[in-house]
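Student: I have the sequence and the structure open, and I would like to know how the descriptive words are earned. Can we go through them one at a time?

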Amino acid sequence: MARMNDAMLLDAWRRMLLIRRFEEAVADAFAQGSVVGTAHFCMGQEASAVGTIDALRPDDLVTSNHRGHGHFLAKGADPKRLMAELFGKATGYAGGRGGSQHVADFSLGFLGSHGITAGMIPVATGAALSQKLLGTGRVVVAFFGDGATGQGAFHEAVNIGAAWQLPIVYLCENNLYAMSTPVAESFRVPEVAERACAYGIPGVSVDGNDIEAVHETVHEAVERARLGGGPTLVEARTYRFCGHSKSDMCEYRTDEEEACWLDRDPLIIAEDRILEREIATRAELDPLAEQVSAVVDEAARFALGSPDPDPATVAEGVFAEFDVT
Ligand SMILES: Cc1ncc(C[n+]2csc(CCOP(=O)(O)OP(=O)(O)O)c2C)c(N)n1
Ligand SMILES: [Mg+2]
């Protein structure tokens, strides 16, 4: 088992905080009208993003879903360019065309987030096939939610990944709901990891709010994949602190349930361990937190000050021919 050392835990806490502060700034920008449309916040799920990506090599590959800000920032996204994309600006990762759900940076090994539920799981599986055929030694992680496991694409991709023993980790962030539908009402087998036996691969369930537990579990799965042992289905049990998207008031959840999970905030869990183990003192953490806030403020300023996309470029990057006459 590979444990996070002190420096890794401290850095992971800092990057989880960056994700949290980034999304809080996006929420403010929505409130001020600087951002329109919608976004799906991952606040509460930061440990599964950072813990997973810290178990990878920098050249390993990742695919994401509609709740992907944390995955992308954890993989090294520039907060300025991601913020600009959310603001619909020309300096954004997709030139302002993709928005919250459609960003990618191949140079970082981030193959893309996507709005189609389960849509990237087959893409990740194809990328894993490429790595195997090319002998790159790279591993792919596919992030998706519990709801995505009800899609045919999930079943088909995991089955073929298992049959061909591809170097991939299927990482399900089970946050108990797909929009307003509870997992227990969607599946006779609500424990996603248990379904792994149907594909003949290992399935592991882990506390998704515990950064160290996520890291250890995913590290083992990544090493298995890298050594030719095939895929693992990892279920990170977690909770989103916000609604499904901007318009969701969470009326289907109880106050007790929300309070219970707020007590298990992944940032607080990590921070308590850092303080208990004397990795850093409160007086040392505070300036780090201020630095994170400064990075996010700078990203928001950059986004606000960036130009809108030039209307003359509207057809660029569009792969379908269209006739506007
Ligand atoms: C193919 C498809 N069907 C339905 C939707 C609408 N939709 C968007 S997110 C979502 C729920 C996804 O739930 P889950 O996979 O658990 O991820 P979470 O939102 O909980 O992170 C649905 C049904 C969609 N985007 N794509
Ligand atoms: Mg879900």
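Tutor: This is a predicted model. In it, the buried residues of helix 4 are Pro79, Arg81, Leu82, Met83, Ala84, Glu85 and Leu86.

Student: What makes helix 4 largely enclosed by the rest of the structure?

Tutor: A residue counts as buried if 20 or more other C-beta atoms lie within 10 Å of its own. In helix 4, residues 79-86, seven of the eight residues are buried, so the helix is called largely enclosed.

Student: Which helices do the buried residues of helix 4 pack against?

Tutor: They pack against helix 1, helix 3 (69-74) and helix 11. Just after helix 4 comes Gly88, with a positive phi of about 75 degrees.

Student: Why is Val26 called buried?

Tutor: Val26 has 25 C-beta neighbours inside 10 Å. The cut-off for buried is 20 or more, so Val26 counts as buried. Val26 is found in helix 1. Apart from neighbours within four places in sequence, Val26 is in contact with Val35, Ala39 and Leu86. Leu86 is also one of the buried residues of helix 4.

Student: How far apart are Val26 and Gly76 in sequence and in space?

Tutor: They are 50 residues apart in sequence, and 18 Å apart from C-alpha to C-alpha.

Student: What makes helix 1 oblique to helix 11?

Tutor: Helix 1 (residues 6-32) and helix 11 (residues 282-305) pack at an angle of about 40 degrees, with their axes 9 Å apart. Roughly parallel would need an angle under 35 degrees, and roughly perpendicular one of 65 to 115. The angle fits neither class, so helix 1 is oblique to helix 11. The crossing is right-handed.

Student: Which residues make the contact between helix 1 and helix 11?

Tutor: From helix 1 there are Arg14, Leu17, Leu18, Arg21, Phe22, Ala25 and Ala29, and from helix 11 there are Leu288, Ala289, Val292, Ser293, Val295, Val296 and Ala300. Sorted by class, this contact has eleven nonpolar, one polar and two charged residues.

Student: How do you know that helix 1 and helix 10 are roughly antiparallel?

Tutor: The axes of helix 1 and helix 10 (residues 266-276) cross at roughly 150 degrees and come within 10 Å. Angles over 145 degrees count as roughly antiparallel, and the two helices are therefore given that name. Their crossing is left-handed. Helix 1 contributes Leu9, Leu10, Ala12, Trp13, Met16, Leu17 and Arg20 to the contact, while helix 10 contributes Pro266, Leu267, Ala270, Glu271, Arg273 and Ile274. These divide into ten nonpolar, no polar and three charged residues.

Student: Why are helix 2 and helix 8 called oblique to each other?

Tutor: Helix 2 (residues 46-53) and helix 8 (residues 211-226) pack at about 40 degrees, with axes 8 Å apart. That angle is not under 35 degrees and not within 65 to 115, so the pair is oblique. Helix 2 passes helix 8 in a right-handed crossing. On the helix 2 side are Ala47, Ser48, Val50, Gly51 and Thr52, which meet Ile211, Val214, His215 and Val218 in helix 8. The classes here are five nonpolar, four polar and no charged.

Student: What can be said of the largest nonpolar core?

Tutor: This core has 82 residues, and those with the most contacts inside it are Ala142, Ile168, Val169 and Val234. Helix 1 gives the most to the core, with ten residues. Setting aside neighbours within four places in sequence, Ala142 is in contact with Thr63, Met120, Ile121, Ala124, Ile168, Tyr170 and Leu171.

Student: What makes the phi of Gln165 worth a remark?

Tutor: Most residues other than glycine have a negative phi. Gln165 is not a glycine, yet has a positive phi of about 50 degrees. Gln165 sits in the loop between helix 6 (152-163) and strand 4 (168-174). Leu176, in the loop between strand 4 and strand 5 (177-178), also has a positive phi, near 75 degrees.

Student: Why are Gln165 and Leu176 called partly exposed?

Tutor: Buried starts at 20 neighbours and exposed means 12 or fewer. Gln165 has 16 C-beta neighbours inside 10 Å, so Gln165 counts as partly exposed. Leu176 has 18 other C-beta atoms within 10 Å, and is therefore partly exposed.

How values were computed:
Residues are numbered from 1 along each chain as its sequence is written. Chains are lettered from A and ligands numbered from 1 in the order in which they are written. This is a predicted model: local features need pLDDT of at least 70, side-chain atom pairs count only at pLDDT 80 or more; totals for chains, interfaces and linings use all residues. Axes are lines fitted to C-alpha atoms, for helices over the stretch in contact, and angles run from 0 to 180 degrees between N-to-C directions. Helices (H or I, at least four residues) and strands (E, at least two) are DSSP runs, numbered from the N terminus. A crossing is left-handed if the near helix is turned anticlockwise from the far one by less than a right angle, and right-handed if clockwise. Two residues are in contact if their C-beta atoms, placed from the backbone, lie within 7 Å. Ala, Val, Leu, Ile, Met, Phe, Trp, Tyr, Cys and Pro count as nonpolar, Asp, Glu, Lys and Arg as charged, and the others, Gly among them, as polar. A nonpolar core is a set of buried Ala, Val, Leu, Ile, Met, Phe, Trp, Tyr and Cys residues joined through C-beta atoms within 7 Å.
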